[in-house]
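Thank you all for making the time this morning. I would like to walk you through one structure, slowly, and I will ask you to keep it in view while I talk.

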Amino acid sequence: MTTATTSTTQPGRRSGREPLLAVEDLRVTFGSRTSRTVTAVDGVSFDVAPGETVGLVGESGCGKSVTSLAVMGLLPARGAQVAGSVRFDGEELLTLSPQRMAEKRGAEMAMIFQDPLSSLNPVVPIGVQVTEVLERHRGMKGGAARKRATYLLERVGIPDPTRRLSDYAHQLSGGMRQRALIAMALACEPRLLIADEPTTALDVTIQAQILALLNELVSESGTALVMITHDLGVVAGLCSTVNVLYAGRVVERADRHPLFATPRHPYTGGLLASIPRLDEERGRRLVPVPGSVADNIPWEEGCAFAPRCPNAGDRCEAETPALVPDRGVRDPRLLRCHYPLAGDRTEEDA
Amino acid sequence: MLRFIVRRMLQMLLALFALSVLLFAWLRSLPGGAVSALLGERGSPEAAAELRAQLGLDQPLPVQYWSFLERAAQGDFGISNGVYIGQPAMDVFLSRLPATVELSFFAIVIALTVAIPLGYIAARRRGSLLDTSSVISSLIGVAVPIFFLAYVLKYLFAVRWGILPPSGRQTAGIDATHITNFYVLDGILTREWDAAWDAFQHLILPAFALASIPFAVIFRITRASVLEVLEEDYVRTAAAKGLRAHTIRWRHVMRNALIPVVTMIGLQIGALLAGAVLTEKVFAFQGIGQALAIGFERRDYPVLQVLIMMAALIYIVVNLLVDIAYAIIDPRVRTR
Ligand SMILES: Nc1ncnc2c1ncn2[C@@H]1O[C@H](COP(=O)(O)OP(=O)(O)OP(=O)(O)O)[C@@H](O)[C@H]1O
Ligand SMILES: [Mg+2]
């Protein structure tokens, strides 16, 4: 760590590791002159280093998918305006030509999606959907491509991979489909993998298997992983750094352990309280964060979360909180809150 | 797959049988009849009675139907008494078939080669000038009666500008050998290039007129289908893999988008046969449609029966083929 600022603005950064992906002040708005514009992502910054797993967490509609699609260059050219900066290995992606971007996608950066069934082409055999990536980026053809596809399917834990090559999506189970999609994403050994809620469509046992698989693949190959989820439970087992998003902005960022031990933003606290825990008596109803995004106030007029916030005070609807280093905890952390939850550092510490 | 085909064939037979009953009843309930059509208003009652007996029209209807069915099963639909008097009705159908098949084939080829690419491009450029104008022209294509379009085309290109022949399948007096009765094909097979070119020119106007309806329908369904597929997650997956534009377009978009289009093509065969009646009449094109029109005027029951039954058979067979094609392109149907 070189300066005090780096250590506080970049929690989770191991010294000496340069980020592979650096997202800075990313802003995505939808709409045109005719319709009202919607700001889906509002100045989000985060980085990911090789071998690191960073979580983007938040409830539905907070802008997780839009962030990942913007990084991958997959937002519709018409209708979505993207501003800010996305640097991959030092190279700015937002100004890259569509052709150059397509060369990177699938080769250096890959993505897996939420719903494995709808993410697979129903009329093209699984094998072709794997080999087409190899053909495109590695120039592999015929037998060589099929051989590597078989190996890839085997590596992600699909039994009898040779036979599965000629199967169609509807012939596979849900977990198998997600494994096949992971195989496609990893086909060219990308340096960055973005997983957008890869387990939400799966049942619990399969969820755990898929997460374990991702964890194993990432730690074996040193891939940088961005894990997108609305479920802090998923984050708990996987991520080193966690970004909590609310209404298109990061509201808290910390390393995983301190975040779970002492959440500072009341929204993070609410998310943590809603994780089912093994030591809890069964049948207790989970308490999700009360209210809904419909209650939000615009960020320009204060804290968007204020109307739902148990801690809200006078300043919340008067003054927009900034994302600043949090002095109330011992770990390096960023926080966007006027009245945070109790920290682990006393006044004397400071 | 085999069970599927057998089941469909049985359904086909049942449908044909039902159609034959309806057809028989309907034709005989039409005002006028073969006898007055043949003899005119002034035929004597005796002559009329004799003719009725000769044609078997004096028998009770169920008896007439049964003998019709018995003979029809053997391909004998009786003797034409209006279109080609004295010839077997089946021969009328067979001699007329190539003309209509040739015309419909050109029409569907025109419709498909324009409608599918245009539908794709319109969907990709949704809201553009090209999209809007094609949607409007397809609406016009559906709304304008086909005979009206046929007359307009004939008036402009044949009568007014004289660049294309106004009627028939071939210029009178041209020296042409006919092997298959598909005139363009005949010209090619016999290397009579003039005859082939002449037959082709005769096809252009009726084929364009006839193509207007399948064109409009196929364009609209292609456009709608592509729009839907473009929103699918698997297209986004394909883009996330960095695939080339043409791989995404053909393997991921078109292969899925064409599934409903194929079904629609099958259904359009019916519209095509119906349109052929009107088109052939306007262009005096000697096909099934024209024979059907004449058959109606002259109450030629044998010819009407054979033409309508055969048209229904063609329609059903084409749709069976379409279903098979559907199963081939959609593995979800095949492996179920
Ligand atoms: N194509 C689009 N046009 C207009 N608005 C959009 C578009 N895509 C997303 N949005 C809006 O952007 C916001 C963020 O959406 P996003 O899909 O990123 O949410 P998310 O955090 O991924 O939620 P979920 O957990 O439901 O996947 C939402 O309010 C959504 O309505
Ligand atoms: Mg999402």
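I will begin with the contact between the two chains, go on to salt bridges and aromatic pairs, and end with a single residue.

Before anything else, please keep in mind that this is a predicted model, and that every value I quote is computed from it.

Let me start with the interface. On the side of chain A there are 28 residues in contact with chain B, and they meet 24 residues of chain B. The area buried between chain A and chain B comes to about 2,200 Å², and carbon and sulfur atoms give 54% of that area. If you look for the residues of chain A that lose the most area to chain B, you will find Val123(A), Glu132(A) and Arg136(A), which together account for 27% of what that side buries.

What, then, is the count of salt bridges between chain A and chain B? The count is two, and I would point you to the salt bridge in which the side chains of Glu132(A) and Lys241(B) meet, with N to O at 2.7 Å. Glu132(A), you will recall, was also among the residues that lose the most area to chain B. Polar contacts between chain A and chain B number 15 residue pairs, where both partners have a pLDDT of 80 or more.

As to where the touching side of chain A comes from, α2 (64-72), α4 (116-119), α5 (126-138) and α8 (174-186) of chain A each supply at least two residues, and α5(A) gives the most, with six residues. By residue class, the side of chain A that touches chain B divides into 15 nonpolar, eight polar and five charged residues.

Now let me turn to salt bridges in general. Over all chains, the structure holds 27 of them, and I have picked out three pairs within chain A.

In the pair I take up to begin with, Glu24(A) forms a salt bridge with Arg87(A), and the closest N and O atoms are 3.6 Å apart. This pair links distant parts of the chain, since Glu24(A) sits in strand β1 (residues 21-30) and Arg87(A) in strand β4 (residues 80-88) of chain A, 63 residues apart. Glu24(A) is partly exposed, with a relative accessible area of 40%, and Arg87(A) also counts as partly exposed, at 29% relative accessibility.

Another pair is Asp89(A) with Arg191(A), whose closest N and O atoms are 2.8 Å apart. Asp89(A) lies in the loop between β4 and β5 (91-92) of chain A, whereas Arg191(A) lies in the loop between α8 and β7 (192-196) of chain A, so this salt bridge ties together parts that are 102 residues apart in sequence. Asp89(A) is partly exposed at 46% relative accessibility, and Arg191(A) is partly exposed at 34%. Both belong to a network of salt bridges that also links Glu91(A), Arg100(A), Glu103(A), Lys104(A) and Glu108(A).

The remaining pair on my list is Arg163(A) with Asp160(A), with the closest N and O atoms 2.8 Å apart; Arg163(A) is partly exposed at 47% relative accessible area, as is Asp160(A) at 41%.

Next come the aromatic residues, where the structure holds 13 aromatic pairs over all chains. Why do I call Phe68(B) and Phe77(B) edge-to-face? The ring centres of Phe68(B) and Phe77(B) are 5.9 Å apart and the planes stand at 65°, and because planes over 60 degrees apart count as edge-to-face, the pair falls in that class. Phe68(B) is buried at 6% relative accessible area, and Phe77(B) is buried at 7%. Ring pairs link these two with Phe24(B) and Tyr65(B) into a cluster.

By contrast, the rings of Phe215(B) and Phe219(B) have their centres 6.2 Å apart and their planes at 15°, so this pair is stacked. Phe215(B) and Phe219(B) both lie in helix α9 (residues 193-230) of chain B, four residues apart, about one turn of the helix, and both are buried.

Let me close with Thr262(A), which is found in the loop between α11 (256-261) and α12 (266-273) of chain A. Is Thr262(A) buried or exposed? At 15% relative accessibility, Thr262(A) counts as buried, because the cut-off for that class is under 20%. Leaving aside residues up to four places away in sequence, Thr262(A) touches Glu252(A), Val329(A), Arg333(A), Ala342(A), Gly343(A) and Asp344(A).

Conventions
Residues numbered from 1 in each chain as written. Chains lettered and ligands numbered in written order. Predicted model: local features only at pLDDT ≥ 70, side-chain atom pairs only at ≥ 80, totals over all residues. Heavy atoms only, no water. Contact = heavy atoms within 4.5 Å. Buried area = accessible area lost by both parts, 1.4 Å probe. Salt bridge = Lys/Arg side-chain N within 4 Å of Asp/Glu carboxyl O. Polar contact = N/O pair within 3.5 Å; in protein donor to acceptor, adjacent residues only side chain to side chain. Nonpolar A, V, L, I, M, F, W, Y, C, P; charged D, E, K, R; others polar. Buried < 20%, exposed > 50% of the residue type's maximum accessible area, 1.4 Å probe, protein only. Phe/Tyr/Trp six-rings, centres within 6.5 Å; stacked < 30°, edge-to-face > 60°.
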